[in-house]
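Colleague: Could you take me carefully through one part of this model, starting from a single helix and working outwards to what surrounds it? I would like one connected account rather than a list.

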Amino acid sequence: MLRNLLTAMAQGVRSLMLTLLFSGAVLGGLYLYQAHRPAFEELPVIRELTANYKQGLSTLSQLGLQQYATLSLPERSARAQGLSTASAGWKAEDILAKLDFSKAKKRQAVAFTAYITAHAPAALQSMAEHKVPASIKLAQALLESNAGRSALARQTLNHFGIKARASARARDKIKRRDYAALLNSDFIPVAPAVGAWRFHDDHSYDRFETYRNVADSYARHDQLLTRPCTPGHTGCYAWIWEAFPPGQDHDISAAAQAYLHRSGIAPQRFFDGQTRVPYYAACAAGLKMAGYATSPTYHKKITYLIETYELWRFDLAVLNALSAPEPGT
């Protein structure tokens with residue numbers, strides 16, 4: 001009996017040690033993952049959810065909202081040609097003048113507004129053609145690439161943190177935990193991506209897509225967010241843009257409830273009890289519901305970037321453009 005007791009105790013100690021080792025590995029992995037994502041404290045944002053975008057609705061006709069839903073792709077594309085920060089009424093200097101930040105965060109904000117100025121035209125055209133709000137695209141790019149300054153963005157021109165898919169050969173090596181044998185060529189980029197690059201994120205074996213230019217990164221992001229898929233599944237984002245169209249508030253309760261079994265986040269937990277929110281906050285919550293990122297505050301970071309830098313102005317500029325007569329008529 002004593003021998004059995006000692007054996008049981010030894011097994012219990014071994015089990016406890018394995019549990020502690022596993023917990024340490026998990027926590028270590030989370031730390032390494034989060035080290036590559038800016039924490040709230042590091043982001044140059046104002047953490048509040050407002051209705052400021054509604055001040056721009058006074059210049060928005062009802063026709064713009066209707067045309068956004070009904071115009072064909074060629075018509076939408078033609079009417080959005082030439083949109084810019086100027087046509088959106090957005091000026092970097094106006095935004096910076098409103099921000100009461102420390103010197104360090106003010107420097108970051110300058111870099112963020114410079115990025116917005118450079119890439120807003122691409123985001124505007126993308127919204128006209130694919131219905132992904134320009135505000136969402138710019139906020140994701142700012143966060144994922146640190147305004148184009150992250151090591152991943154500089155090395156790969158990947159501004160949205162899109163991973164390359166593992167081939168059957170890669171999956172076999174990963175299953176055997178033979179990570180040292182993994183090659184970049186074991187991963188499959190999706191055009192317009194041209195290759196894969198190793199960069200530690202959720203796992204040490206992660207590979208990210210590489211691009212010839214930033215425009216291709218933006219195009220690949222459009223593909224990812226609009227590809228046909230089954231709503232309710234992780235990685236399905238196309239439903240978001242139809243469920244939460246721009247220019248109005250939306251209640252996220254039904255969508256959050258539908259994804260609860262996958263996200264584990266109840267409707268009221270997304271925005272501190274508030275479930276009726278501006279369209280861009282609803283879209284950001286939709287991305288979180290559908291598993292775009294593992295950060296528990298990803299949707300808030302996206303929303304506060306849009307609020308702080310008034311990125312909603314670009315969405316309203318597209319809606320206004322779509323209500324104008326088609327060029328040449």
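Modeller: Contact here means heavy atoms within 4.5 Å, and that cut-off is needed for the neighbours named below. The model is a predicted one, and the part I would look at closely is helix H6, which covers residues 134-145.

As a setting for that helix, the secondary structure of the protein comes to 15 helices and six strands, and buried residues make up 49% of its 329 residues. Among contacts between residues at least 6 apart in sequence, 69% join residues at least 24 apart.

Helix H6 has 12 residues, which at 1.5 Å a residue should span 16 Å, and its end C-alpha atoms are indeed 16 Å apart, so the expected and computed spans agree. In its surroundings H6 is mostly covered, since 12 of its 12 residues are buried, which means that each has a relative accessible area under 20%. The buried residues include Lys137, Gln140 and Glu144, alongside Leu138, Leu142 and Leu143.

Part of the setting of H6 is helix H5, residues 103-130, whose axis comes within 9 Å of the axis of H6 and crosses it at roughly 135°. The two helices are therefore oblique to each other, and H5 passes H6 in a right-handed crossing. On the H5 side the contact is made by Phe112, Tyr115, Ile116, His119, Ala120, Ala123, Leu124, Ser126 and Met127, while on the H6 side it is made by Ala134, Lys137, Leu138, Ala141, Leu142 and Ser145. By class, this contact has 11 nonpolar, three polar and one charged residues. An α-helix has 3.6 residues a turn, so residues three or four places apart point the same way. The H6 residues in this contact include Ala134, Leu138 and Ala141, and these can be read with that spacing in mind.

Two further residues of H6, Gln140 and Glu144, are touched by tyrosine 292, whose other neighbours are Phe160, His221, Leu224, Leu225, Tyr237, Leu287 and Tyr298, not counting residues up to four places away in sequence. Tyrosine 292 lies in the loop between helix H13 (279-289) and H14, and at 14% relative accessibility it counts as buried, because the limit for that class is 20%. Tyrosine 292 and isoleucine 162 are 130 residues apart in sequence, yet their C-alpha atoms are 9.7 Å apart in space.

At its far end H6 is followed by asparagine 146, which sits in the loop between H6 and helix H7 (151-156). Most residues other than glycine have a negative phi, whereas phi of asparagine 146 is positive, near 50°. With a relative accessible area of 25%, asparagine 146 is partly exposed, in contrast to the buried residues of H6 that come before it, among them Ser145.

A positive phi also appears elsewhere in the chain, at glutamate 310, where the value is about 50° although the residue is not a glycine. Glutamate 310 lies in the loop between helix H14 (298-308) and helix H15 (312-323), and it is buried, with a relative accessible area of 11%.

Terms used
Residues are numbered from 1 along each chain as its sequence is written. This is a predicted model: local features need pLDDT of at least 70, side-chain atom pairs count only at pLDDT 80 or more; totals for chains, interfaces and linings use all residues. Side-chain values use heavy atoms; hydrogens and water are left out. Helices (H or I, at least four residues) and strands (E, at least two) are DSSP runs, numbered from the N terminus. The expected span of a helix is 1.5 Å times one less than its number of residues. Buried means under 20% relative accessible area, exposed over 50%, partly exposed in between (1.4 Å probe, protein chains only). Axes are lines fitted to C-alpha atoms, for helices over the stretch in contact, and angles run from 0 to 180 degrees between N-to-C directions. Angles under 35 degrees count as roughly parallel, over 145 as roughly antiparallel, 65 to 115 as roughly perpendicular and the rest as oblique. A crossing is left-handed if the near helix is turned anticlockwise from the far one by less than a right angle, and right-handed if clockwise. Ala, Val, Leu, Ile, Met, Phe, Trp, Tyr, Cys and Pro count as nonpolar, Asp, Glu, Lys and Arg as charged, and the others, Gly among them, as polar.
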